[in-house]
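Hi,

Here is the structure I promised to send over. Have a look at it first, then read my notes below.

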Amino acid sequence: MKNRYFPEEDIQSDDLLFVCYMIERIARKLHQKNRYVVNTIGKDAMEHLLSVANVLHAENPLDVEDDWIKEYKLQNGSFDILDVEKGLVSQIPTALQMGKVYHRLIKDTALSDENYAEGIFRVYNHEICDVIDNYNCSAYFEPSYVIARAYQAGGF
């Protein structure tokens with residue numbers, strides 16, 4: 001994917017990782033599902049965010065969260081991903097760990113003619129995200145090739 005503002009530059013894999021990480025942080029903060037954050041931001045804005053991610057890396061993530069929430073009018077919800085069965089879950093994955101899971105899934109299942117923004121929408125709107133984001137099971141903990149295979153098969 002080419003940078004919107006500097007067409008001679010490619011969007012890097014780290015830029016995709018940063019955006020996935022921020023999606024996870026914001027979803028957790030607002031008690032929303034990741035797909036709500038992605039769909040509310042929209043494809044055009046997502047292409048913008050991917051194009052400026054290399055600059056946003058240097059910003060305080062709390063400031064980036066607040067800016068995205070305000071700019072894209074993201075609202076609080078009632079889904080708390082951290083509400084888990086304590087007997088089943090000894091450690092909840094961090095937002096960065098989950099950003100990495102989604103980053104790898106987008107890259108591992110990328111379509112040949114798809115850019116990163118399209119990959120974000122394709123993956124985050126797939127029903128497998130409900131399983132990955134259920135920390136009472138271990139889907140998020142599986143190796144990336146297992147998650148990618150489950151994505152391709154339509155489930156675990």
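In this predicted model, helix α5 (residues 95-108) packs with helix α6 (residues 116-124) at an angle of about 110°, and their axes are 9 Å apart. Angles of 65 to 115 degrees count as roughly perpendicular, so α5 and α6 are roughly perpendicular to each other.

Which residues meet there? On the α5 side you'll find Tyr-102, Leu-105, Ile-106 and Lys-107, and they meet Tyr-116, Gly-119, Ile-120, Arg-122, Val-123 and Tyr-124 in α6. Sorted by class, that contact of α5 with α6 has seven nonpolar residues, one polar and two charged.

Now scroll back to helix α4 (residues 61-71). Its buried residues are Val-64, Glu-65, Trp-68 and Ile-69. If you look down the axis of α4, these buried residues fall within an arc of 130°, so they line one face of the helix. What do they pack against? The partners of the buried residues of α4 are α1 (13-30), α2 (34-41) and α3 (43-56). Turn the helix around and you get to the face of α4 pointing away from its buried side, where Lys-70 and Glu-71 are exposed.

The two ends of α4 are worth a click too. The N-terminal end is capped by Asn-60, with a side-chain oxygen 2.8 Å from the backbone nitrogen of Leu-62. After α4 comes Lys-73, and its phi is positive, near 55°.

Shout if you get stuck finding any of this!

Cheers

Technical notes: Residues are numbered from 1 along each chain as its sequence is written. This is a predicted model: local features need pLDDT of at least 70, side-chain atom pairs count only at pLDDT 80 or more; totals for chains, interfaces and linings use all residues. Side-chain values use heavy atoms; hydrogens and water are left out. Axes are lines fitted to C-alpha atoms, for helices over the stretch in contact, and angles run from 0 to 180 degrees between N-to-C directions. Helices (H or I, at least four residues) and strands (E, at least two) are DSSP runs, numbered from the N terminus. Angles under 35 degrees count as roughly parallel, over 145 as roughly antiparallel, 65 to 115 as roughly perpendicular and the rest as oblique. Contact means heavy atoms within 4.5 Å. Ala, Val, Leu, Ile, Met, Phe, Trp, Tyr, Cys and Pro count as nonpolar, Asp, Glu, Lys and Arg as charged, and the others, Gly among them, as polar. Buried means under 20% relative accessible area, exposed over 50%, partly exposed in between (1.4 Å probe, protein chains only). The arc is that of the directions from the helix axis to the C-beta atoms. A polar contact is a pair of N or O atoms within 3.5 Å; within protein, one must be able to donate a hydrogen and the other to accept it, and residues adjacent in sequence count only if both atoms are side-chain atoms.
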